[in-house]
Amino acid sequence: MVRTKKTAKRAREEDIAMEQPPQENPMAKYFTNLVDFNNYQLKFAQRKEITPRYLDMALLQTQNFHNLHRILTKQHLLDFVKLKDRIYPTLVAISYTTLSIAYDEEKPSSFTMTFHLGTTKYELSVGNLCTLGQLNFSGTLFKHGDNPPPEWKFDRLQACQFFNLNPNCGNKMPTKPMSDEYHTLHYLLVWVILARNNNHGVVTDDDLPILWALVNDLEINWSYFISQHMKKLQEGPITSGLGYVILWTKIFKLFNIDLSNTMEKTLKDTNRINIGTLHKMRRGNIEAQGNQPQPQVQEAQEHIGSFYDAPQPSMLDLMQVLQRIEQNQANMDHRLQRIERHLNINEEED
């Protein structure tokens, strides 16, 4: 057996790992070693929570967003984007400090999330995560920034044309030209699904394939997607912020963690994604509808079930219909030309 000499640096790291956090610091009780405590102080203590958002279902009804409702339902995201609860930013920051996600090498869709609070270790299975967020466990293993798989048949120019985006704007295409429905879909993507801390008003080249998958009913494994984005936020700079704070509250409650002595924040009306959100987007047709009376939220929610009973067509269905219409129009033009030629011949004979 070959023995390697322990370097001074390695020895110092091991000594620090054995040291206890300074007990005079009120946050020391959450950590069992100096390494995690220092990591928290340097990377997570100053982070701000990414503003939590949740979907007000009345928005889909009052604006007739049938297709958006169909997309969210088909992708098993409807319950996730509706999640709301009190949030605990300090506890989230501590949890991100010690967060570890272990993926099964043979089956990456299966993973376990682990974090520590003091001497207690908490393990969250992928099944727990799916239950808390009502997320799916199936679909393509994809994360933000990946190249879309060939079976998606993704084409950037075609996608830009469909969403009415300017492909010449580079990696940050303004969302303003998008329809209200797809603009709202992107808003949900960046604020809730991605928990992004900036660039909410632009579609990036990393956003575009996800939007394409959503409207084309290409199923993504969202539990895997979100776990990967949690890792990305954890490993990012302080400006990355603290994402998925509502989901973290659900995790804390699952483990019956005592939240009574932890600083909490209550969501406000501004956290809702509703008609007011669309007004802030300064969409032209929304401004035109601004003076019309809107149904009360409670009344709208009572009728939400019957409103969406009828199945809604997908984008591919609509494109096929358009192709048939264009083909029919071409056939009609051809017949009209034949009739005109026949009439011209008859006139010459007369």
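Cys 160 is tucked away in this predicted model: its relative accessibility is just 1%, so it counts as buried. You might wonder what keeps it from bonding to another cysteine; the closest cysteine sulfur, in Cys 169, sits 9.0 Å away, which is too far for a bond. Below is a quick tour of the cysteines, the chain as a whole, one well-covered helix and a small sheet.

**Cysteines**
- Searching the whole structure turns up zero disulfides.
- Cys 169 is in no disulfide either, and its nearest cysteine sulfur is that of Cys 160, 9.0 Å off.
- For a disulfide, the two sulfurs would have to be within 2.5 Å.
- Is Cys 169 buried or partly exposed? With 33% relative accessibility, Cys 169 counts as partly exposed, whereas Cys 160 is buried at 1%.

**The chain as a whole**
- The protein chain has 17 helices and seven strands.
- It runs to 350 residues, and 44% of them count as buried.
- Take the contacts between residues at least 6 apart in sequence: 73% of these join residues at least 24 apart.
- About 19,500 Å² of the protein chain is exposed, with carbon and sulfur atoms supplying 49% of that area.

**Helix α12**
- Why is helix α12 (residues 245-254) described as largely enclosed by the rest of the structure? Because seven of its ten residues are buried.
- Those buried residues are Val 245, Ile 246, Leu 247, Trp 248, Thr 249, Ile 251 and Phe 252.
- What do they pack against? On the helix side, the partners are α5 (78-81), α6 (89-98), α7 (126-133) and α11 (222-235).
- Strands join in too: β3 (111-117) and β4 (120-125) also pack against the buried residues of α12.
- Just past the end of α12 comes Asn 256, which has a positive phi of about 55 degrees.

**The three-stranded sheet**
- Three strands line up as β2-β3-β4 in an open sheet, with antiparallel pairing.
- β2 (100-103) and β4 are the edge strands, each pairing on one side only.
- From one strand to the next, the twist averages 20 degrees.
- How many bridges link β3 and β4? The two strands pair over six bridges, in the antiparallel sense.
- As one spot to look for, Thr 112 stands opposite Ser 125 in β4.
- Helix α11 packs on the sheet and touches β2 and β3. The direction of α11 makes about 135 degrees with that of β2.
- α11 also turns up among the elements that the buried residues of α12 pack against.

Key:
Residues are numbered from 1 along each chain as its sequence is written. This is a predicted model: local features need pLDDT of at least 70, side-chain atom pairs count only at pLDDT 80 or more; totals for chains, interfaces and linings use all residues. Side-chain values use heavy atoms; hydrogens and water are left out. Buried means under 20% relative accessible area, exposed over 50%, partly exposed in between (1.4 Å probe, protein chains only). Helices (H or I, at least four residues) and strands (E, at least two) are DSSP runs, numbered from the N terminus. Contact means heavy atoms within 4.5 Å. Accessible areas come from the Shrake-Rupley method with a 1.4 Å probe; for residues, only the protein chains shown count as cover. Two strands pair if DSSP finds at least two bridges between them. Axes are lines fitted to C-alpha atoms, for helices over the stretch in contact, and angles run from 0 to 180 degrees between N-to-C directions.
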